[in-house]
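Hi,

Here is the structure I said I would pass on. Have a look at it first, and my notes follow underneath.

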Amino acid sequence: MIFKELPSSCKPREKALLHGMKSLSDAEIIAIIIQCGNHNEDVVTLSSRLINEIGGVEKLETISCFELSKIKGIKKAKALKLLASVELGKRIKDSHLYKTTYDEPLFYPLITQDMRYLTNEKLKVIYLDKAKKVISFELKESDSQDMVYFESREIIKSALKNEATYVLLIHNHPSANHLPSKEDERINDILKSQLKAFKLKLIDNLIVTENEIYSLISNKIVFKYDD
């Protein structure tokens with residue numbers, strides 16, 4: 001059966017109106033965003049192929065417009081619509097972060113979700129107030145797959161500027177190995193000591209992989225993703 005012959009209740013937009021967005025598959029959601037297919041594929045088929053070619057819907061978090069537009073049937077306009085939707089989702093998630101405290105159960109997955117599937121190592125520095133509520137955060141990137149370079153004084157300067165009490169470090173391991181390297185441990189000890197001199201505390205230093213989160217402070221896995 002071709003797309004036009006499908007009953008209305010099976011078409012993405014109509015299905016969403018009848019049953020809500022949660023009833024849609026990933027391909028159907030993408031179909032609503034990009035709106036149309038091409039001469040050879042209906043919009044849902046094109047969306048399904050797109051997901052397969054990029055290696056999963058989660059890859060939309062890190063793929064570039066150039067890479068997306070190289071996929072047959074996805075030109076710049078469709079690529080930009082997709083990436084704009086992803087960016088909006090990130091901003092909504094970030095707004096929730098400022099309402100969450102470090103001790104809440106949802107804090108770990110909320111703060112680390114966007115780092116699980118990265119192919120290069122990145123560092124997220126989060127500044128928290130006395131109540132352990134997020135004040136601000138910054139992301140430090142690197143071209144290296146296995147190292148992010150940063151200056152301790154930059155973190156201390158930002159912490160003081162934000163009148164923070166606590167600093168939380170998070171970096172990902174693209175290798176999927178959650179165990180800290182010798183360099184991770186060295187940096188952890190140095191930064192902890194330097195922060196203490198300014199009456200600041202390193203509340204934790206987390207390593208994120210696709211499946212779990214490891215804490216250098218408590219030396220154990222503190223969270224496992226269940227998806």
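Going from the N terminus, the order of elements in the protein chain is α-α-α-α-α-α-β-β-α-β-α-β-β-β. That gives eight helices and six strands. Do keep in mind that this is a predicted model.

On overall dimensions, the C-alpha atoms sit in a box of roughly 70 × 35 × 30 Å along the principal axes. The chain has 227 residues, and 41% of them are buried. If you take the contacts between residues at least 6 apart in sequence, 54% of these link residues at least 24 apart. The accessible surface is about 13300 Å², with 53% of that belonging to carbon and sulfur atoms. As for charge, there are 35 positive and 33 negative ones, and their mean positions lie 4 Å from each other.

Now to some individual residues, starting with the loops.

His173 is in the loop that runs between strand E3 (166-172) and helix H8 (182-196). Its relative accessibility is 11%, so His173 counts as buried. Which residues surround it? Apart from neighbours within four places in sequence, His173 touches Glu121, His178, Leu179, Pro180, Asp184, Ile207, Val208 and Thr209. With one of these, Asp184, the His173 side chain makes a side-chain to side-chain polar contact of 3.2 Å.

Thr100 is another loop residue to click on, placed between helix H5 (76-97) and helix H6 (107-112). Thr100 is buried because its relative accessible area is 7%, under the 20% cut-off. Again leaving out neighbours within four places in sequence, the contacts of Thr100 are Phe107, Leu110, Lys132, Lys133 and Val134.

Two further loop residues caught my eye for their backbone angles. Glu163 is not a glycine, yet has a positive phi, near 55 degrees. You will find Glu163 in the loop between helix H7 (152-161) and E3. With a relative accessible area of 67%, Glu163 is exposed. Lys199 also has a positive phi without being glycine, in this case near 60 degrees. Its loop connects H8 and strand E4 (201-208). Lys199 is exposed too, at 78% relative accessible area.

Last, the cysteines. How many disulfides does a search of the whole structure find? The count is zero. For Cys36 the reason is distance: the closest cysteine sulfur, in Cys65, is 16 Å from its own, which is too far for a bond. Seen from the other side, Cys65 is in no disulfide either, and its nearest cysteine sulfur is that of Cys36, 16 Å away. As for how open the two sites are, Cys36 is partly exposed at 40% relative accessibility, and Cys65 is partly exposed with a relative accessible area of 22%.

If you only have a few minutes, I would begin with the buried His173 and its polar contact to Asp184, then go on to the positive phi values at Glu163 and Lys199.

Cheers

Technical notes
Residues numbered from 1 in each chain as written. Predicted model: local features only at pLDDT ≥ 70, side-chain atom pairs only at ≥ 80, totals over all residues. Heavy atoms only, no water. Helix = DSSP H or I, 4+ residues; strand = E, 2+ residues; numbered from the N terminus. Buried < 20%, exposed > 50% of the residue type's maximum accessible area, 1.4 Å probe, protein only. Contact = heavy atoms within 4.5 Å. Areas by Shrake-Rupley, 256 points an atom, 1.4 Å probe, with all protein chains shown as cover. Lys, Arg positive; Asp, Glu negative; His and termini not counted. Charge placed at Lys NZ, Arg CZ, Asp CG, Glu CD. Polar contact = N/O pair within 3.5 Å; in protein donor to acceptor, adjacent residues only side chain to side chain. Disulfide = S-S within 2.5 Å.
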